[in-house]
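Below are my notes on the chain we discussed, set out as numbered points. Please read them with the sequence and the structure open beside you.

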Amino acid sequence: MPLALRGNIAPRIGVLYGLTQIVGGIVVVFGAHVMFEHPLFDPSTTVRIGLGQWVAEFVATLGLIGTILGCLKAPPAAVPMAVGLYVTAAYWFTSSTSFANPAVTIARAFSNTFAGFAPVEVVAFLSAQLLAAVLATWFFGWLLAEDDV
């Protein structure tokens with residue numbers, strides 16, 4: 001989404017990329033269910049609701065977008081490493097355990113394991129992520145802008 005908001009990719013490509021991530025996430029959850037002999041469709045019943053969870057998700061998403069946009073000037077190989085390190089760290093410093101990605105958020109609702117959370121909460125988490133994504137795209141675009149001197 002940040003790259004589409006910044007005009008780096010066409011909005012249509014951004015939407016297709018997002019939908020592909022969502023479908024891929026759900027397929028992976030179903031694959032994990034098969035591997036661990038859970039029912040194929042086993043939505044989560046874990047409750048993770050409240051302002052603290054939503055603020056944590058806002059912070060996790062804001063930082064993830066900042067990490068990605070900050071790496072655009074680095075060699076391309078730096079991006080996956082930086083994202084992996086950030087997501088690992090955010091797992092530990094946020095109360096939500098850092099979903100920070102709509103596809104991950106939706107996929108985790110499909111799994112009644114320690115990683116999942118109730119599907120009725122998806123909209124609240126997606127709202128926090130969307131708000132953080134828009135604000136992070138604007139803020140880090142401004143912060144990392146090249147001076148026109």
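1. In what order do the elements of the chain run from the N terminus on? The order is α-α-α-α-α-α, and the chain accordingly holds six helices and zero strands. Please keep in mind throughout that this is a predicted model.

2. On overall dimensions, a compact globule of 149 residues would have a radius of gyration near 15 Å, and the 16 Å found for the chain agrees with that expectation. Along its principal axes, the C-alpha trace spans about 60 × 30 × 25 Å, a set of extents that may be read alongside the radius.

3. As for burial and contacts, 34% of the 149 residues in the chain are buried. When contacts between residues at least 6 apart in sequence are considered, 75% of them join residues at least 24 apart.

4. The surface that the chain exposes amounts to about 8,900 Å², and carbon and sulfur atoms supply 75% of it. Turning to charge, the chain has 5 positive and 7 negative charges, and the mean positions of these two sets are 4 Å apart.

5. The loop between helix 4 (78-93) and helix 5 (102-109) deserves a careful look, and threonine 94 is found there. Is threonine 94 buried or exposed? With a relative accessible area of 8%, threonine 94 is buried, because the cut-off for that class is under 20%. The side chain of threonine 94 reaches the backbone oxygen of alanine 90 at 2.7 Å, while, leaving aside residues up to four places away in sequence, threonine 94 touches Ala56 and Ala60.

6. Serine 98 is found in the loop between helix 4 and helix 5 as well. Although serine 98 is not a glycine, its phi is positive, at about 55 degrees. Most residues other than glycine have a negative phi, so the backbone here merits inspection. Serine 98 counts as buried, at 5% relative accessibility.

7. A second position to check is glutamate 37, which lies in the loop between helix 2 (11-35) and helix 3 (51-70). Glutamate 37, which is not a glycine, has a positive phi of about 55 degrees. Which class does glutamate 37 fall into by accessibility? At 74% relative accessibility, glutamate 37 counts as exposed, whereas serine 98, with its positive phi, counts as buried.

Terms used:
Residues numbered from 1 in each chain as written. Predicted model: local features only at pLDDT ≥ 70, side-chain atom pairs only at ≥ 80, totals over all residues. Heavy atoms only, no water. Helix = DSSP H or I, 4+ residues; strand = E, 2+ residues; numbered from the N terminus. Rg over C-alpha atoms; globule rule 2.2 N^0.38 Å. Buried < 20%, exposed > 50% of the residue type's maximum accessible area, 1.4 Å probe, protein only. Contact = heavy atoms within 4.5 Å. Areas by Shrake-Rupley, 256 points an atom, 1.4 Å probe, with all protein chains shown as cover. Lys, Arg positive; Asp, Glu negative; His and termini not counted. Charge placed at Lys NZ, Arg CZ, Asp CG, Glu CD. Polar contact = N/O pair within 3.5 Å; in protein donor to acceptor, adjacent residues only side chain to side chain.
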